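Work through the exercises below with the sequence and the model in view. Try each task before reading its solution.

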Amino acid sequence: MKKIEAIIKPFKMDDVREALGEIGIMGMTVSEVKGFGRQKGHTELYRGAEYMVDFLPKVKLEIVIAKEDVDRCVSVILATAQTGKIGDGKIFITDVERVIRIRTGEENQEAI
C-alpha cells in the first residue's frame with residue numbers, strides 16, 4: 001500500500017476530487033493548510049498599510065491506495081491540479097506498512 005499526499009491550490013480541489021472519483025478513488029482526507037516554497041509570499045494592503053503574507057493557503061489531500069493504483073492516481077492529480085504557474089504544489093508518495101479499520105478490525109487491503 002502507498003500513501004499519496006498532494007498539496008494543491010484550493011480552487012483545484014473540487015476538480016481533483018471529481019476526477020479521482022471517476023477512476024474509482026473514493027476515500028481521502030482533505031485538510032486546509034498554509035505554506036510556501038518557491039512561490040514565497042506576497043504583499044497585500046489593509047487599511048492603507050502594506051503587509052507581507054508569508055504562508056499561502058493550500059489544500060492537502062491524503063489518499064491510501066493499493067500499490068498498483070499509484071501511477072493512475074498520480075496522473076489524474078497532475079492532469080487536474082496543474083495550472084502551469086508557480087505554486088501548483090507537490091505530490092509525495094510513501095509506503096504504508098499497515099492499515100486497520102477501527103470499526104471492524106479489518107486490516108490492510110480490506111481496510112482501505
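**Exercise 1. Decide whether T80 is buried or exposed, and find what surrounds T80.**

Step 1. T80 has a relative accessible area of 16%. Buried means under 20% relative accessible area, exposed over 50%, and partly exposed in between, with a 1.4 Å probe and protein chains only. T80 is therefore buried.

Step 2. This is a predicted model, in which local features need pLDDT of at least 70 and side-chain atom pairs count only at pLDDT 80 or more, while totals for chains, interfaces and linings use all residues. Residues are numbered from 1 along each chain as its sequence is written, and side-chain values use heavy atoms, with hydrogens and water left out.

Step 3. Locate the residue: T80 is in helix α2. Helices (H or I, at least four residues) and strands (E, at least two) are DSSP runs, numbered from the N terminus.

Step 4. List the contacts, meaning heavy atoms within 4.5 Å. Leaving out residues up to four places away in sequence, T80 touches K12, D15, V16 and A19.

Step 5. Look at the side chain of T80: one of its polar atoms lies 2.7 Å from the backbone oxygen of V76.

**Exercise 2. Describe how α1 and α2 pack.**

Step 1. Two packed helices are described by the angle between their axes and the distance between the axes. Axes are lines fitted to C-alpha atoms, for helices over the stretch in contact, and angles run from 0 to 180 degrees between N-to-C directions.

Step 2. For α1 and α2, the axes come within 9 Å and cross at roughly 145 degrees.

Step 3. Name the residues. From α1 the contact uses D15, V16, A19 and L20, and from α2 it uses C73, V76, I77, T80 and A81.

Step 4. Sort them by class: seven are nonpolar, one is polar and one is charged. Here Ala, Val, Leu, Ile, Met, Phe, Trp, Tyr, Cys and Pro count as nonpolar, Asp, Glu, Lys and Arg as charged, and the others, Gly among them, as polar.

**Exercise 3. Which elements supply the largest nonpolar core?**

Step 1. A nonpolar core is a set of buried Ala, Val, Leu, Ile, Met, Phe, Trp, Tyr and Cys residues joined through side-chain atoms within 4.5 Å. The largest one has 18 residues, and I8, L20, L61, I63 and I77 have the most contacts inside it.

Step 2. At least two residues of this core come from each of β1 (2–8), α1 (13–22), β5 (56–65) and α2 (70–81). The most come from α2, which gives six.

Step 3. Take I63 as a case. Neighbours within four places in sequence aside, I63 is in contact with residues including I4, L20, I25, M28, C73 and I77.

**Exercise 4. Where is R98, and what does R98 touch?**

Step 1. R98 is in the segment after β6 (90–95). R98 counts as exposed because its relative accessibility is 52%.

Step 2. Not counting residues up to four places away in sequence, R98 touches M1, E107 and N108.

Step 3. The side chains of R98 and E107 are joined by a polar contact of 3.0 Å. A polar contact is a pair of N or O atoms within 3.5 Å; within protein, one must be able to donate a hydrogen and the other to accept it, and residues adjacent in sequence count only if both atoms are side-chain atoms.

Step 4. R98 and N108 are 10 residues apart along the chain, and their C-alpha atoms are separated by 5.7 Å.
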